[in-house]
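Q: Could you take a close look at a single part of this structure and describe how its helices are arranged?

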Amino acid sequence: MNEIKILETYGPDGPSLSDEARQAARSRLLAEITAVTAYADRPALPVTRRVASGLLRLPPLVRMALAGAAVTAMAVLAVTVLPQPPEATQGPPVAGGEEPPPVLPSTGSIKLVAATALEFPYALPLLGEPSFTSGPADVIAVYKSADPVNDVLLWPEANPDESYFPTRDISVDGRPGHISFYHDDTSDMASLTWERRPGEWVTIVGNGRYGSEEAVLQLARQVVDQPQRVPFQIAIGLVPDGWELRGFKMDGAIVSYRDPAPPHLSLAVQWKPTPDWRPDSDVDGFEAGQDVTVDGRHARLVRTRETWMLTTTLPDGSGFTLQVPRSFTPDQVIAVAESVRRGDS
Amino acid sequence: MNELRSPPVQTADDVLIRESIREPERFAPLFDRHADAVHRYLARRIGESADDLLAETFLVAFRRRAAYQPTQLDVRPWLFGIATNVLRRHVRQEGRRYRALARVGWSEPGAYADDPPDDRLDAQALRAELAAALAALKPADRDVLLLVAWAQLSYAEIAATLEIPIGTVRSRLNRARRLTRAALTSLEEDR
């Protein structure tokens, strides 16, 4: 057996591509594609009145894609402090380019308050139990099929007038709405946004066999009010006053909050089955490290160029890494860490 | 009864890229066609970070689509080349992963469970030695070796995608193979 064959057979293997990771990566690509399309000079597009009135405003599909992009970005905790929101797609970033250094606000202005639990208001009982994903503003229920081609997404719609893809007005049992489609060689997608009650808009995106007008209308009629707590594997109990949930990933194994005001600083916590006790020198931008105590347990607090990183264990033996901006004081970092709890996922 | 539909006829990859220059949305099917293969290559090299590097690879590909040269490469080797370039920014992480695997092995629970115990031990030793060998290779040599072994690229495809002379591909591959073979002490009896 030669070296090439040995490598093929016995070489290191890696995790397979999960449905969530596939969806997130595809969404990032779709977001970029749509952003480029939106900013291109393409007057010949068959836009409707709605699209013509708001060409550069982003549609549900795009925001879904952007949600994926933002959530994926959270997987790399090393770049939690962002100088601008990830959804602010203002042109293609330079491939491989360095992030510009963030502008840090002065210290002393941070007040920690209790974070509120997240609820999702609707359900599609006939499709089983959803998982949840999120973006800058939306929590999305994802009803996965055995074949990921046929996934269904559902969310409360905060911006029903936004649209880019050509839409058509439609009535759902007498309520106003609009529908749009995306088709390519390998997928069919239909997006329906409608006013379920006066002032209450909802969006459903159907893929694959649900990617038709008939299918999403049928799904829309199956939506029921069923408030449910969004389960996180890990939860942060204290966040800076005024900060909002930025997103979460992997059923809440990664959770991030951000300051809605520029420069949009953010914090994130990532749960791991075993704590990530990597050497300080392996942390990007490492400057200094010290041992601290969190709820009586050993923790390692590392200061980097832009952030604080704290790693510690939880009572069940698992662990988490918390990353917050440098504008926090060490005591505030520890206070946030002491508020971290295993969730109910 | 559901309507029977004919299988869709796929548009060729290079046609999609060409069309995507004027109609960017035409690029999306390329992700569906090649994401699994690119992710598998990335995951074997970098582990869990492959999820994020997969997205990065396709974003870079989309931004560079105008520079794609269909006369030189099929789309898949082109994507593997971009993935390899993306990996270069994570070369330390890749090296750390191989070193960790060399220390602990990476057998999955139940893997090779049907093999005789001696074979299992041999396989585990071989895997550890392979990881150590990969960790010790120069990154440029490792790129060439793994593009051959895990992406099944030809010398010409590697030369085009890495923008190096084909003679350089040969010399890097020869060196990488020689060093890898030398590191596999558990195969000494087979030599």
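A: What follows concerns a pair of helices in chain B and then a kinked helix of that chain.

This is a predicted model, in which local features need pLDDT of at least 70 and side-chain atom pairs count only at pLDDT 80 or more, while totals for chains, interfaces and linings use all residues. Residues are numbered from 1 along each chain as its sequence is written, and chains are lettered from A and ligands numbered from 1 in the order in which they are written.

Helices here are DSSP runs of H or I with at least four residues, numbered from the N terminus. The axes of α7 (residues 139–149) and α9 (residues 166–183) of chain B come within 8 Å and cross at roughly 90 degrees, the axes being lines fitted to C-alpha atoms over the stretch in contact, with angles running from 0 to 180 degrees between N-to-C directions. α7(B) is therefore roughly perpendicular to α9(B), a word that covers angles of 65 to 115 degrees. Residues are in contact if their C-beta atoms, placed from the backbone, lie within 7 Å; on α7(B) those taking part include B:V144 and B:L145, and on α9(B) they include B:R172 and B:L173.

Turning to helix α2 (residues 28–46) of chain B, there is a kink of about 55 degrees centred on B:H34, where the bend is the angle between axes fitted to the seven residues ending there and the seven starting there. B:H34 is itself among the buried residues of α2(B), which also include B:F31 and B:V38; buried denotes 20 or more other C-beta atoms within 10 Å of a residue's own. After α2(B) comes B:G47, with a positive phi near 80 degrees.

Conventions:
Helix = DSSP H or I, 4+ residues; strand = E, 2+ residues; numbered from the N terminus. Parallel < 35°, antiparallel > 145°, perpendicular 65-115°, else oblique. Contact = placed C-beta atoms within 7 Å. Buried ≥ 20, exposed ≤ 12 C-beta atoms within 10 Å, placed from the backbone.
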